[in-house]
Amino acid sequence: MTYVVGENCIKCKHTDCVDVCPANCFYEGPNFLVIHPDECIDCDLCVEACPVSAIFEEDDLPEDQLNFIDLNAELAEVWPNLRNRKDPLPDADDWDGVSAKRDLLDRGAA
Ligand code: SF4
Ligand code: F3S
């Protein structure tokens, strides 16, 4: 079992989740964060911490976001670890709730 960062994090990246995670299992890309599934201890703290409700327990993921399970696992292996909260992306509020953001995911150097 793990927790998974879903689509609504894309182009928001508030990073409140990082501050509450006791396992330091968040990894950062240019416009999205992911959780390393082998490091997550299922504490549930990040779900409430995310201001845009982007994080789900694996079994609670909406059907159309099931591919984010593999996406989190894949990118957590290549992106750097993030342990401290930082400013959200400048236009984060404009992107909250925008549907079909997954095509805007920036994999960066990954
Ligand atoms: Fe970190 Fe807990 Fe969220 Fe897992 S469930 S990513 S351990 S805060
Ligand atoms: Fe993303 Fe929410 Fe964390 S927007 S960076 S999952 S606080």
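In this predicted model, F32 is buried, with a relative accessible area of 0%. That makes this phenylalanine a good place to start a walk through the fold. The ring of F32 takes part in aromatic pairing, and the count for the structure comes to 2 aromatic pairs. One of them joins F32 to F68 in an edge-to-face arrangement, with 5.9 Å from centre to centre and 75 degrees between the planes. This pair bridges distant parts of the chain: F32 sits in the loop between β2 and β3, while F68 belongs to helix α3, 36 residues apart. F68 is buried as well, with a relative accessible area of 1%; the cut-off is 20%, so this residue counts as buried.

F32 also pairs with W79, again edge-to-face, at 6.5 Å centre to centre and with 80 degrees between the planes. Here too the link spans distant parts of the chain, from F32 in the loop between β2 and β3 to W79 in the loop between α3 and α4 (92-95), 47 residues apart. Both F32 and W79 are buried. Taken together, the ring pairs link F32, F68 and W79 into a cluster.

From this cluster we can step out to the nonpolar core. The largest such core has 29 residues, and the members that touch the most others are F26, F32, I35 and I55. Which elements feed this core? At least two residues each come from β1 (3-5), α1 (16-20), β2 (26-28), β3 (33-35) and α3 (67-76). Helix α3 gives the most, with 4 residues. I55 shows how varied the contacts of one core member can be. Leaving out residues up to four places away in sequence, I55 touches Y3, V4, V5, C17, F26, I35, C46, V47 and C50.

Now for the empty space. How many cavities of 30 Å³ or more does a search of the whole structure find? The search finds 2. The largest cavity holds about 80 Å³ of space. Its lining is made of 14 residues, and C9, H14, T15, C17 and C50 lie nearest its centre. By class, the lining of the largest cavity divides into 10 nonpolar, 2 polar and 2 charged residues. Two of the residues nearest the centre, C17 and C50, are also among the contacts of I55.

The second largest cavity has a volume of about 70 Å³. Its lining comprises 13 residues, with C21, C25, C40, C43 and C46 nearest the centre. This lining has 11 nonpolar and 2 charged residues, and no polar ones. C46 is another name to recognise from the contacts of I55.

Some polar and charged residues deserve a visit too. D16 is found in helix α1. Is D16 buried or exposed? D16 is buried, because its relative accessible area is 17% and the limit for that class is 20%. Setting aside neighbours within four places in sequence, D16 is in contact with A49, P51 and R85.

H36 lies in the loop between β3 and α2 (45-49). At 7% relative accessibility, H36 is buried. Its contacts, not counting residues up to four places away in sequence, are T2, C25, Y27, A76 and E77. H36 and L75 are 39 residues apart in sequence, yet 8.4 Å apart from C-alpha to C-alpha.

N81 is in the loop between α3 and α4, the loop that also carries W79. With a relative accessible area of 29%, N81 is partly exposed. Beyond residues up to four places away in sequence, N81 touches N24, C25, F26 and Y27. For N81 and N24, 57 residues apart along the chain, the C-alpha atoms are separated by 7.6 Å. C25 and Y27 appear in the contacts of N81 and also in those of H36.

The walk ends at S99, in the segment after α4. S99 is exposed, with a relative accessible area of 60%. The C-alpha atoms of S99 and R83 are separated by 28 Å, and the two residues are 16 apart along the chain.

Conventions
Residues numbered from 1 in each chain as written. Chains lettered and ligands numbered in written order. Predicted model: local features only at pLDDT ≥ 70, side-chain atom pairs only at ≥ 80, totals over all residues. Heavy atoms only, no water. Core = buried A, V, L, I, M, F, W, Y, C linked by side-chain atoms within 4.5 Å. Buried < 20%, exposed > 50% of the residue type's maximum accessible area, 1.4 Å probe, protein only. Contact = heavy atoms within 4.5 Å. 1 Å grid on protein atoms, 1.4 Å probe; cavity = no way out; pocket = protein on both sides within 12 Å on 5 of 7 lines; lining within 4 Å. Points joined across faces, edges and corners; volume = space filled by probe spheres on them. Nonpolar A, V, L, I, M, F, W, Y, C, P; charged D, E, K, R; others polar. Phe/Tyr/Trp six-rings, centres within 6.5 Å; stacked < 30°, edge-to-face > 60°.
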